[in-house]
Structures are given as C-alpha cells and as structure tokens.
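Hi,

Here is the structure I promised to send over. Have a look at it first, and then read on for my notes on what turned up.

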Amino acid sequence: MLLVAFARVAVSLSCLWSGFRSVSDDDYARVVIAARFAQHPSPDPSGTSWLPLPFWLYGVPMAVFGDSLLVARVVAVLLGAASAVVVWIAARVFLGFSERAALWGALGAVLLPYGSWLSTATVPEAPTAALILLGCVSLVRPEPKLRAWGGLALGAACFCRYEAWAPTLVFGVLTAVDALRARAPETAKPSGVRWLWLAAGFATAPLALWLAHGAARHGDALFFVARVQQYRAALGGPTQSWLSALWQTPLALLRFEPELLAVTAVALGLTLKGGGSPFGPTAWRTLAALGALLLFLMAADASGGAATHHPERSLLPVYWFLALLAAGLVARLADDAERPWLLPALALPLALGANLTLRPDVRSTFVDRREEEQVGRVLRSLGAEQVALDTDDYGFFALQAALGHGKGWPLADHDPRKADVRPKTPPDLAARLQRGHAKWLVTPRERSGLSAGLGAVRLATPRFLVLKLEPAAR
C-alpha cells in the first residue's frame with residue numbers, strides 16, 4: 001500500500017517537473033473558489049453547478065496553511081496518493097486479489113498517463129474515480145459492512161462530480177434488492193439488513209440533498225443541466241447529430257488509453273481460450289454500474305450536457321477498473337499458462353501499435369499558465385493588492401490563484417453568455433481602474449498603449465506588463 005502511494009507521489013512530481021501544471025483554466029478557477037471558501041466558509045462554495053466536496057477538501061488546508069498555489073498542489077498530490085491507495089484497496093480487499101495482482105493493478109493504474117495528469121492537477125477527477133471504483137466493486141461482496149463502505153465512497157463521489165450519479169443509482173437499486181432479500185425468514189439477519197439499507201442511504205442521500213439544494217436555492221432541482229447546456233451553446237462550435245454524439249464516449253474509451261485496452265483484450269482472450277472464467281458470478285453487478293456510467297456519458301454527449309472540455313476525464317474509473325482486471329488476468333495466466341511467452345508476444349506488439357495509431361496528443365490540449373503563475377507570485381511577493389487583471393482569456397484565474405484570495409479582480413470575465421465589457425479606450429480603462437480603486441495593473445503587451453502614462457512598469461514578461469499605478473490613475 002505504501003509502495004503504491006509513494007509511486008503515485010513520484011509520478012505526480014515527475015509530471016510537475018516536466019512542466020505540466022493544469023488541464024484547463026478550471027483547475028485555477030477551483031483553486032480561487034477554494035481560497036474564497038477558506039476565508040468565507042459556505043456549504044456551497046462555488047454557487048454554480050460545481051459540486052461542493054472538492055472545495056471543502058482544498059479549502060480547509062488552505063485555511064490552515066495559506067491560500068497559495070503551492071498548498072493547493074500539495075493537496076492535489078496527496079489526494080492523488082490517497083486515490084491510488086483506494087484503488088489498491090479495491091483490488092486487495094474488495095476483489096480479493098492476491099498481493100501480487102493487487103500491486104500490479106494499482107501500479108498499472110498509477111502509470112496510466114491520463115490518470116497521472118489528473119492526479120497531479122487541482123481537479124477532483126482522481127479521487128472521484130477511485131471512490132466510484134471502490135463503490136462499484138463493493139457490489140460483488142456479500143458482506144453488508146463492506147457494502148456500506150462502498151455506499152460511503154459513492155456518496156462522497158456524488159458530491160464531487162456528476163458522472164458518479166449513474167453508478168450510484170445502480171448501486172442503490174441493487175443494494176436495496178439485497179436488503180429486501182435478506183429479510184426473508186430463512187436468511188434474515190437484522191444487523192445485515194440494517195447495514196445494507198445504510199449502504200443504500202449513504203450512496204443516494206447526496207443526490208437527494210443536491211437536488212433539494214437546487215430547488216431551494218436556484219428554483220430548479222436540475223439547474224446544473226440547464227447551466228451546462230447554456231454554456232456549451234454560448235461557446236458555439238460545430239454541431240453534430242445525436243447519433244454521432246453517441247459514439248464520442250466509446251471512441252474516447254478506445255483512444256485515450258489504447259495500450260491498456262490492448263493488454264486487457266489479449267489477457268481476456270487467452271483466459272477464455274484456456275477455458276477459464278474471467279469473472280465471478282456477481283461480477284455483472286460491477287459491470288452494470290460501470291456500464292451505467294458509460295450510458296450516462298453517452299446520453300450527456302447526445303443531449304449537449306457533457307463537459308465542455310476534455311470529456312474523456314470522466315472515463316477514469318473505467319480505465320482504473322480495466323487496469324485491475326488486466327492485472328488479475330495476467331497474474332492468473334502467469335501462474336497457469338503452459339506457454340507464458342504467449343501473452344507478452346501478443347500483447348506488446350498490439351499495445352505498441354495502439355499507441356502509435358490511436359493515442360492522441362492530449363498534452364498539447366492542456367493550458368500552459370506558467371507565465372501567469374510567475375506574474376502572480378511576483379506580485380504576491382511584493383505584497384500587491386487591488387490588482388486589476390486585463391487578460392485575453394481565462395488566464396486571470398491563474399493570476400488570481402497565484403496572488404491569493406481577494407487581491408486581484410478581472411476587468412472582464414470572458415463569459416460567452418455575457419457581453420464583452422473589456423475596456424476599449426485609454427479613458428475607459430482609466431475610469432474602470434479608478435472605480436475599482438486599483439493599485440496595480442496586469443495587461444497584455446499588445447494592449448500596453450491603453451495603459452500608457454498610468455504608472456511605471458515593475459515587471460515585463462514575454463506576454464505581460466505589470467504596472468504600479470500612479471495615485472492619479474487610482
């Protein structure tokens with residue numbers, strides 16, 4: 001278990017060393033909201049469609065150790081390590097793998113590229129995926145207390161990301177059916193029945209609470225669906241038929257970790273050819289829960305309610321389950337196969353071919369805000385406050401995250417649903433700065449003409465100028 005945690009930390013640090021910082025601007029937006037929660041705690045920190053638990057997990061340490069990006073990244077790395085341990089627990093305790101197979105599966109999950117990036121970034125995908133996986137595999141166990149742990153895991157996941165809701169509903173139904181069956185006179189065990197009902201309640205209560213929250217605060221229990229659809233529509237982009245949209249998730253499942261699918265397919269085929277059964281009699285329950293996740297994502301794609309960027313992130317629980325499945329099958333084949341060379345002989349060329357032909361260059365789609373972070377850190381070291389942020393895009397979130405809570409505000413939030421309010425002329429800019437009582441200004445170099453004469457340049461980077469504003473300009 002410790003080896004898995006250390007491996008995850010090492011991989012996360014190597015990702016940071018390579019220059020990776022974030023998947024998207026949402027990473028920084030989440031840090032900004034967590035920093036605000038650290039100063040002003042609230043049950044719903046974002047006030048948007050984002051679910052609250054990730055902000056609680058980041059906000060509490062930031063309240064204790066400071067609202068810096070460093071603290072947020074340490075929390076992200078630790079959550080990534082905890083997620084890797086949960087994957088190992090799912091294999092060793094819930095699936096009953098041997099020590100070797102559980103270690104192989106957990107380390108395989110650690111080394112998957114997409115999971116490594118998500119376990120390093122300040123986003124909740126990795127812990128959510130681990131919790132979903134634990135809840136889904138708990139369905140194969142008859143012990144009511146283990147099922148209760150699975151319910152708790154899924155309940156927590158439902159307060160992190162919406163894709164957890166689909167497997168949670170399957171978990172709730174199957175667990176409720178088990179509870180009803182356990183009441184039969186010949187099998188009745190009151191304590192076991194109680195734990196099963198608790199498991200179903202642990203899993204589904206967060207869904208009911210969030211729907212009630214939506215109805216009470218936003219006037220619509222499903223307010224989050226409308227918000228995502230409106231935002232996607234405002235972004236524009238090419239339209240596609242619902243039939244084409246339905247194929248996005250299956251294709252993403254194939255393309256983004258193709259080597260894993262190749263190894264799993266070969267190991268599964270050899271197991272079936274040898275007359276073995278790769279699954280136990282209750283494995284269909286886990287497959288049904290993960291299948292519900294895939295159907296949920298496909299329905300979201302077809303209805304316009306999917307994530308607005310990198311939707312393949314939501315497949316991480318499936319990838320980690322496949323990593324465990326592949327490890328279990330490989331360990332079995334290594335023990336029983338008469339021709340141990342057959343698996344690597346088939347799997348390695350297929351995995352290499354899949355890597356060369358199917359894997360996309362995902363890294364090129366991630367945002368690079370290292371320059372914004374640098375500017376924010378310098379301003380923070382100077383004790384700067386009341387910093388006006390004039391950016392071309394959502395880069396102001398990275399500046400705010402590096403500055404700290406309440407020290408910087410954007411001149412425009414670049415929300416596609418709103419009109420563009422960015423200053424267009426020098427008088428307009430000066431008036432906006434005065435109204436905001438700005439003392440500093442961060443502006444792109446190509447817009448430096450608008451700020452001429454407003455203050456002295458204190459920092460210049462390839463893309464930005466930082467001005468300390470003269471009193472007259474405030």
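Glutamate 99 and arginine 92 form a salt bridge, with their closest N and O atoms 3.8 Å apart. In this predicted model, glutamate 99 is exposed, at a relative accessible area of 57%, while arginine 92 is partly exposed, at 30%.

Another pair sits in other surroundings. Glutamate 125 meets arginine 313 in a salt bridge whose closest N and O atoms are 2.7 Å apart. Glutamate 125 belongs to helix α7 (residues 125-137) and arginine 313 to the loop between α15 (283-303) and α16 (316-336), so this salt bridge ties together parts that are 188 residues apart in sequence. Both glutamate 125 and arginine 313 are buried.

Arginine 285 and aspartate 178 also make a salt bridge, at 2.8 Å from N to O. This pair links distant parts of the chain, with arginine 285 in helix α15 and aspartate 178 in helix α9 (residues 165-182), 107 residues apart. Are these two buried or exposed? Arginine 285 has a relative accessible area of 9% and aspartate 178 one of 13%; buried means under 20%, so both count as buried.

There is a network to look at as well: salt bridges with shared partners join Asp25, Arg369, Glu371, Glu372, Asp393 and Arg463. Over the whole structure, the search finds 25 salt bridges.

Now to the rings. The structure has 15 aromatic pairs. One of them is tyrosine 114 with tryptophan 117, an edge-to-face pair with 6.0 Å between the centres and 70° between the planes. These two residues are three apart in helix α6 (residues 113-120), which means that about one helical turn separates them. Tyrosine 114 and tryptophan 117 are both buried.

Tyrosine 114 also pairs edge-to-face with phenylalanine 366, the centres being 6.3 Å apart and the planes at 70°. Because phenylalanine 366 lies in the loop between α17 (342-357) and α18 (370-381), and tyrosine 114 in helix α6, the pair ties together parts 252 residues apart in sequence. Phenylalanine 366 is buried too, like tyrosine 114. Ring pairs link both of them with Phe20, Trp117 and Phe256 into a cluster.

Two arginines are worth a look here. The charged end of arginine 255 sits over the ring of phenylalanine 256, 5.4 Å from its centre, and arginine 30 lies over the face of tryptophan 50, 4.3 Å from the ring centre.

Finally, strands β4 (residues 455-460) and β5 (residues 464-469) run antiparallel and are joined by five bridges. They form a hairpin with three residues between them, and glycine 455 stands opposite leucine 469.

Best wishes

Notes
Residues numbered from 1 in each chain as written. Predicted model: local features only at pLDDT ≥ 70, side-chain atom pairs only at ≥ 80, totals over all residues. Heavy atoms only, no water. Phe/Tyr/Trp six-rings, centres within 6.5 Å; stacked < 30°, edge-to-face > 60°. Helix = DSSP H or I, 4+ residues; strand = E, 2+ residues; numbered from the N terminus. Buried < 20%, exposed > 50% of the residue type's maximum accessible area, 1.4 Å probe, protein only. Lys NZ or Arg CZ within 6 Å of the ring centre and 35° of its normal. Pairing = 2+ DSSP bridges. Salt bridge = Lys/Arg side-chain N within 4 Å of Asp/Glu carboxyl O.
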